[in-house]
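Colleague: I am new to this structure and would like to know how its labels were reached. Could you go through them with me?

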Amino acid sequence: MGKTYLLGEYSEKYLKKLKGEERYGTTGVLLGQATSSKTYIIFAARTPLKDQAELPPDKPDEMNASDIEWMAEHARQVSRMLPGGILVLGIFLIRPAKMSKEEAQDIFRKLTNAVESAVAKERLWNFAEDEPPERIVLQVYADSKKMKLRTFDIHNPQTPPKLLDYKSNSLTSAWQLVEATINVDIHIPVAATAENQLEKNSLKGLNIWAKQMMQSNYLIGGYYKDAESIIGEGSKKKTPVEIQFLTSPPEINPDDTVAVIESCGSGIYVKGTVRCRAYLHGSKAKVKDAIQSLKRDVLNTVYVRCEMVCEDRIVNKGGDAGDSATHRAPHRVFASTLPSGVAFCDYGFSDEGSKDLEERYKELLDYDLHPAQLERVEETMLEEMGVSPTKEPELKLFEEDEVEVIAETGFKYTGMAAAAGVGVIAIAVSVIVYFIAGSV
């Protein structure tokens with residue numbers, strides 16, 4: 001049997017709505033889950049216009065480099081909002097009738113490659129060999145009711161796309177939620193030559209921790225469960241499954257090691273606890289898939305929040321200067337956006353409120369979020385960190401230098417701080433300290 005592609009009702013109605021607005025040339029991202037036998041497209045979100053007064057190009061095949069880069073940046077920021085198990089599966093395009101097949105395939109390939117490249121830059125993990133190496137392009141024809149689905153091989157970008165059939169489906173049932181609380185304790189040495197230049201490149205030091213996390217063992221309900229068994233087996237209802245991870249130092253191959261001695265005048269410290277989650281579709285989802293998706297969510301949320309702290313420091317010239325400085329990093333807040341109960345998330349700094357979160361969902365997901373959809377929980381500070389909910393911690397730090405302002409995109413980093421979650425991560429650098437709140 002061939003692979004089945006399922007288009008959720010929400011996505012199908014949304015795409016027809018966009019076509020009805022006669023905004024031909026509109027592009028956007030497709031979100032969902034891909035397995036070896038089925039691909040589930042659960043959400044579609046159009047790319048925001050650079051200028052709200054403009055219209056999509058009449059000839060999308062004439063998109064320039066900045067248009068493609070803009071769409072890729074949109075996909076990158078949307079990927080930050082996804083829980084474990086949900087990916088940016090591909091793109092869609094409202095295709096004008098006059099666009100030729102050759103023009104369409106050329107622009108599809110460019111957009112698909114740009115989006116995948118942008119999203120992959122923020123991953124601390126790699127796809128497994130048995131995972132589908134494909135990304136989807138959904139063509140919505142402007143002059144008919146047709147929609148065509150094609151797939152591109154991301155391992156071989158020049159391979160001709162495959163034209164495949166899809167089925168409409170509600171995709172509202174059988175989603176299994178798995179959750180975990182993860183303790184994080186990471187030290188990243190910073191070379192003396194760069195100790196006052198905290199940049200995204202510094203986060204490459206998270207790779208060692210990421211490898212350790214991916215190799216960790218697990219317990220489900222306090223017991224080990226075979227990786228090939230069904231994750232929800234024995235449960236009458238689709239209740240959330242709690243998973244405990246047991247980490248140990250990563251395995252090191254002596255043949256691959258090279259001793260390097262480098263002067264390090266400082267370091268980045270990431271310490272605390274986060275709450276993570278992942279979703280799996282189907283009543284026969286295996287334990288190994290749940291563990292893999294949840295581990296990836298751990299890596300994603302820690303990396304994203306560390307990166308957003310770096311970006312915030314650059315934009316705001318490093319924040320407070322002087323002998324000590326304390327900065328609060330973004331909280332993670334989930335909001336259920338689909339009848340299936342699958343929730344996306346956002347990250348917000350302490351000076352941002354619920355209005356910022358609603359605006360971000362509208363901008364990036366083209367979704368009108370209602371406050372009642374937010375999963376609000378009372379923030380709990382970790383006792384072992386000595387952090388009081390009513391008082392900021394006082395830490396003595398080294399003096400910091402000014403950082404040059406770099407503004408790369410027009411997208412805003414907004415979110416919800418009032419609805420903070422359970423868990424805190426502290427990120428301490430020789431020049432600055434951050435506190436990150438996780439979410440249930």
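Modeller: What follows is a set of questions on helix packing, cysteines and burial in a predicted model.

Colleague: What is the secondary structure of the chain?
Modeller: The chain comes to six helices and 17 strands.

Colleague: What makes H2 and H3 oblique to each other?
Modeller: Helix H3 covers residues 101-120, and its axis crosses that of H2 at roughly 40°. An angle under 35 degrees would count as roughly parallel, and 65 to 115 as roughly perpendicular. The value falls in neither range, so H2 and H3 are oblique. Their axes come within 8 Å, and the crossing is right-handed.

Colleague: Which residues of H2 and H3 meet?
Modeller: On the H2 side they are Ile68, Met71, Ala72, Ala75, Arg76 and Ser79. On the H3 side they are Ile107, Lys110, Leu111, Ala114, Val115, Ala118 and Val119. By class, the residues of this contact divide into ten nonpolar, one polar and two charged.

Colleague: Why are H2 and H6 called oblique to each other?
Modeller: H2 spans residues 65-79 and H6 spans residues 354-365, and their axes cross at roughly 135°. Roughly antiparallel requires an angle over 145, and roughly perpendicular runs from 65 to 115. The angle meets neither condition, so H2 and H6 are oblique. The two axes come within 10 Å, in a left-handed crossing.

Colleague: Which residues form the contact of H2 with H6?
Modeller: His74, Gln77 and Val78 in H2 meet Arg360, Leu364 and Leu365 in H6. These divide into three nonpolar, two polar and one charged.

Colleague: How do you know how many disulfides the structure holds?
Modeller: The count is zero, where a disulfide needs two cysteine sulfur atoms within 2.5 Å. Cys276 serves as an example: the nearest cysteine sulfur is that of Cys345, 9.9 Å away. That distance is beyond the cut-off, so Cys276 is in no disulfide.

Colleague: Is Cys276 buried or exposed, and how do you know?
Modeller: Its relative accessibility is 2%. Buried means under 20%, so Cys276 counts as buried.

Colleague: What makes Cys306 buried?
Modeller: Cys306 has a relative accessible area of 4%. This too is under 20%, so Cys306 is buried.

Colleague: How many of the residues of the chain count as buried?
Modeller: The chain has 440 residues, of which 52% count as buried.

Colleague: What share of contacts joins residues at least 24 apart?
Modeller: Among contacts between residues at least 6 apart in sequence, 79% join residues at least 24 apart.

Methods: Residues numbered from 1 in each chain as written. Predicted model: local features only at pLDDT ≥ 70, side-chain atom pairs only at ≥ 80, totals over all residues. Heavy atoms only, no water. Axes fitted to C-alpha atoms, helices over the stretch in contact; angles between N-to-C directions. Helix = DSSP H or I, 4+ residues; strand = E, 2+ residues; numbered from the N terminus. Left-handed = near helix turned anticlockwise from the far one by under 90°. Contact = heavy atoms within 4.5 Å. Nonpolar A, V, L, I, M, F, W, Y, C, P; charged D, E, K, R; others polar. Buried < 20%, exposed > 50% of the residue type's maximum accessible area, 1.4 Å probe, protein only.
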